[in-house]
Amino acid sequence: MIFQDEKQVVRAYYAALEAANVEDLSTVTTQFYAAESLWRGFHPFDEITSPEEIATQFWAPLKTSLTSLQRRMDIFMAGENKLGAGVWVCSMGHLMGLFDAPWLGIRPTGKLAMLRYAAFHRVEGGKIHETAMYFDIPHLMMQAGQNPFGPQTGQHMVQPGPRTQDGLLFNAQPAAEGEATWAAIDSMINDLGTWQLGLPLEDELRRTWQEDMLWWGPEGIGATYTIERYAKQHSGPFRAAFAERSKTQHICRMAEGHYGGFFGWPNFTALQTGGFMGLPAGKEKGEFRVIDIYRREGDKLAENWIFIDLLHFLKTQGVDVLGRMESLGSGHAK
């Protein structure tokens, strides 16, 4: 199946968003979204159910804060949902602008800033009916010198796109390549999704990952490189910090060419038993809203970009990061 019509809808939407003045953003979202649509975004935005509110609640405040906003895409692809719910178009990269006004209590710098994002759009009949728009707010906070977390196990950085520089799939791709990519992702999900394969962690990872894998994690965890360091700097500590992990639940799974990904709302829940991001053990299960984007090399996965709603997770554990930022901002203003 070719997904060029759906891709064109999303590309036109992105171009219109970038060109629009703040006061015209509702016209753009109303043009491209179905009247009954669902937009999911990270905390504190959560679910929005009207095209006008997508503009007024998310895009207008963001474009007011990050002026001269520019989308810098690293990955763009489309595919049929493997879970059986239509054609989805996915993009990933950064929303770049000049941080000129406060956003969510984060104090502006007047300097260049880049908001990591990944988005899935379900397109039907020339309209967007459903969106998962995930973005790394703590990563923006770090760029502004307002670190909300303690030391992280990986490395903070503004993250690049694919090593191969071939992630913008504007043209149709061979169907066999997408199927091979999905097979690699599906094998990884089956191996690692329940943490119960019974192999040593590094051996488990080698079944589906290249030895020089790159794991581009969210702020608060950070990025890591090679199976050995990924096991030590994220996967091992993460597994050790959680129990009672639920089964993986996704809304969309798709692949095209050498790229693929998925998202859930949430993907899974787990009980924090102590140590994750320096937290003591939690009393309530936390929700993990996640987008994962992958690049396949050969028959294994080589790169993975991860978006986790850590602000939402932390709030379930009694830590309101944005509330604290708002409070600090008010005190600073006085």
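What follows is a conversation between a colleague and a modeller about a predicted model of one protein chain.

Colleague: What makes the radius of gyration of the chain agree with that of a compact globule?

Modeller: The rule for a chain of 334 residues gives a radius of gyration near 20 Å for a compact globule, and the chain has 19 Å, so the value agrees with the rule. Along its principal axes, the C-alpha trace spans about 55 × 55 × 35 Å.

Colleague: How do you know what share of the 334 residues in the chain is buried?

Modeller: A residue is called buried when its relative accessible area is under 20%, and by that cut-off buried residues make up 54% of the chain. Contacts add to the picture, for among those between residues at least 6 apart in sequence, 66% join residues at least 24 apart.

Colleague: How many helices and strands make up the secondary structure of the chain?

Modeller: The secondary structure comes to nine helices and 15 strands, and strand S1, residues 33-41, is a useful one to look at in detail.

Colleague: Why is strand S1 called mostly covered?

Modeller: Since buried means under 20% relative accessible area, one counts the residues of S1 that fall below that cut-off, and seven of its nine residues are buried, which is what "mostly covered" refers to.

Colleague: How do you know that S1 and S6 pair, and in which sense do they run?

Modeller: Two strands count as paired if there are at least two bridges between them, and S1 is joined to strand S6, residues 127-135, over five bridges in the parallel sense; the pair therefore meets the requirement. One place to find this pairing in the structure is Gly41, whose bridge partner in S6 is Met133.

Colleague: What makes S1 and S2 a pair, and how many residues lie between them in the hairpin?

Modeller: Three bridges join S1 to strand S2, residues 46-48, and the two run antiparallel; as pairing asks for at least two bridges, these strands also count as a pair. Trp39 stands opposite Ile48 in S2, and the hairpin formed by S1 and S2 has four residues between the strands.

Colleague: Turning to empty space, why is a pocket not called a cavity?

Modeller: A pocket is an open set of points, whereas in a cavity the probe fits but cannot get out. The largest pocket holds about 230 Å³ of space and is lined by 16 residues, of which Met1, Phe3, Ala175, Glu179 and Ala255 lie nearest its centre. Strand S3, helix H5 and strand S10 each supply at least two residues of this lining, and the largest share, three residues, comes from H5.

Colleague: What classes of residue line the largest pocket, and what classes line the second largest?

Modeller: The lining of the largest pocket divides into seven nonpolar, five polar and four charged residues, while that of the second largest pocket has seven nonpolar, seven polar and no charged residues. The second largest pocket, with about 150 Å³ of space, has 14 lining residues, and Thr153, Pro237, Gly275, Phe276 and Met277 lie nearest its centre.

Colleague: How many cavities of 30 Å³ or more does the structure hold, and what lines the second largest cavity?

Modeller: The structure holds five cavities of 30 Å³ or more, and the second largest cavity contains about 60 Å³ of space. Its lining includes Tyr14, Trp59 and Arg71, and the elements that give two or more residues to it are helix H1, helix H3 and S3. By class, this lining divides into five nonpolar, one polar and three charged residues.

Terms used: Residues are numbered from 1 along each chain as its sequence is written. This is a predicted model: local features need pLDDT of at least 70, side-chain atom pairs count only at pLDDT 80 or more; totals for chains, interfaces and linings use all residues. Side-chain values use heavy atoms; hydrogens and water are left out. On a 1 Å grid over the protein atoms alone, a cavity is a set of points where a 1.4 Å probe fits but cannot get out, and a pocket is an open set with protein on both sides within 12 Å along at least five of seven lines; lining residues have an atom within 4 Å of a point. Grid points are joined across faces, edges and corners, and a volume is the space filled by probe spheres set on the points. Ala, Val, Leu, Ile, Met, Phe, Trp, Tyr, Cys and Pro count as nonpolar, Asp, Glu, Lys and Arg as charged, and the others, Gly among them, as polar. Buried means under 20% relative accessible area, exposed over 50%, partly exposed in between (1.4 Å probe, protein chains only). The radius of gyration is taken over C-alpha atoms; the globule rule is 2.2 Å times the number of residues to the power 0.38. Contact means heavy atoms within 4.5 Å.
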